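Student: I'm new to this structure and would love a close look at just one part of it. Could you take me through the strands and what packs around them, step by step?

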Amino acid sequence: MSTDQLATSEYNAYYKRYIDQVQDVPILEGLQNGMEATTSFFMAIPGEKQEYRYEDSKWTPKEILLHIIDTERVFAYRALQFARSEGAVLIGFDQDEFAGNADANGRSMEQLLDEYTAVRLANLHFAKSCSKEVWVRMGEASGSPLSVRAAFYIILGHEIHHCKVIQERYL
């Protein structure tokens with residue numbers, strides 16, 4: 001399954017920038033390879049850069065990693081709701097409120113990466129359980145349509161996006 005099979009009606013146009021990052025990547029392969037690449041990437045961030053902000057209002061790499069984890073949880077929950085129930089309608093989440101209440105900088109990078117890996121492995125198992133019929137099931141999230149497969153592609157592209165931002169602006 002590749003993103004060229006996604007119809008624009010399966011997701012809000014805002015998420016196109018994430019989906020474009022993972023064109024032609026099978027979801028299961030992307031989840032596995034993404035986990036390995038993201039873990040390696042964050043492990044390589046020097047200790048003095050883990051809580052660095054390039055501007056006062058920007059998140060640190062640790063906060064970005066926890067944001068990636070939280071966002072994956074949210075989108076996987078959306079996928080689960082749409083896979084298991086008809087016509088689910090879910091509200092959005094405030095990423096800044098989540099980040100402000102998370103205390104990512106009070107944790108070690110190893111603790112954050114352990115959590116990231118646990119979340120990803122759980123979602124990989126869930127994704128493996130989805131049939132072809134489930135992948136295309138739809139629901140509504142944040143006032144827009146979203147399919148199960150689009151939610152997973154957003155997870156993958158969102159992670160890549162943030163790793164690129166860290167590479168360009170933090171390291």
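Tutor: Let's start with a pairing you can find on screen: leucine 90 has alanine 141, in strand E2, as its bridge partner. Please keep in mind that this is a predicted model. Next, look at valine 89, which stands opposite glutamate 140 of E2. Strand E1, residues 89-90, is joined to E2 by two bridges, and these strands run parallel.

Now look at the other pairing of E2. Strand E3, residues 144-147, is joined to E2 by four bridges, and here the strands run antiparallel. Within this pairing, glycine 139 is opposite leucine 146 of E3. E2 and E3 make a hairpin with two residues between them, and in that turn serine 142 has a positive phi of about 55°.

Put these pieces together and you have an open sheet of three strands, in the order E1-E2-E3, with mixed pairing. E1 and E3 are the edge strands, each pairing on one side only.

The side chains of E2, residues 138-141, are worth following one by one, since they alternate along the strand. Gly139 and Ala141 point to one face and are buried, whereas Met138 and Glu140 point to the other face and are not buried. A helix also belongs in this picture: H3, residues 61-84, lies across E1, E2 and E3, and runs at about 135° to E2.

From the strands, let's move on to helix H7, residues 148-169. One of its residues is histidine 158. Is histidine 158 buried or exposed? Its relative accessible area is 4%, so histidine 158 counts as buried, the cut-off being under 20%. Apart from its neighbours within four places in sequence, histidine 158 is in contact with Tyr18, His67, Ile68 and Thr71.

H7 also meets other helices, and helix H5, residues 109-129, is one to look at. The axes of H5 and H7 come within 12 Å and cross at roughly 150°. Because of that angle, H5 is roughly antiparallel to H7, and the crossing is left-handed. On the H5 side, the contact is made by Tyr116, Arg120, Asn123, Phe126 and Ala127, and on the H7 side by Phe152, Ile155, Leu156 and Glu159. By type, the residues of this contact divide into six nonpolar, one polar and two charged.

Helix H2, residues 27-43, is another to look at: its axis and that of H7 come within 11 Å and cross at roughly 25°. That angle is why H2 is roughly parallel to H7. H2 passes H7 in a left-handed crossing. Here Ile27, Gly30, Leu31, Gly34, Met35, Thr38, Phe41 and Phe42 of H2 meet Arg149, Phe152, Tyr153, Leu156, Glu159, Cys163, Ile166 and Gln167 of H7. The residues of this contact divide into ten nonpolar, four polar and two charged.

If you would like to retrace the path, begin at the E1-E2-E3 sheet, find H3 lying across its strands, and then visit histidine 158 in H7.

Note on methods: Residues numbered from 1 in each chain as written. Predicted model: local features only at pLDDT ≥ 70, side-chain atom pairs only at ≥ 80, totals over all residues. Heavy atoms only, no water. Buried < 20%, exposed > 50% of the residue type's maximum accessible area, 1.4 Å probe, protein only. Pairing = 2+ DSSP bridges. Axes fitted to C-alpha atoms, helices over the stretch in contact; angles between N-to-C directions. Parallel < 35°, antiparallel > 145°, perpendicular 65-115°, else oblique. Left-handed = near helix turned anticlockwise from the far one by under 90°. Contact = heavy atoms within 4.5 Å. Nonpolar A, V, L, I, M, F, W, Y, C, P; charged D, E, K, R; others polar.
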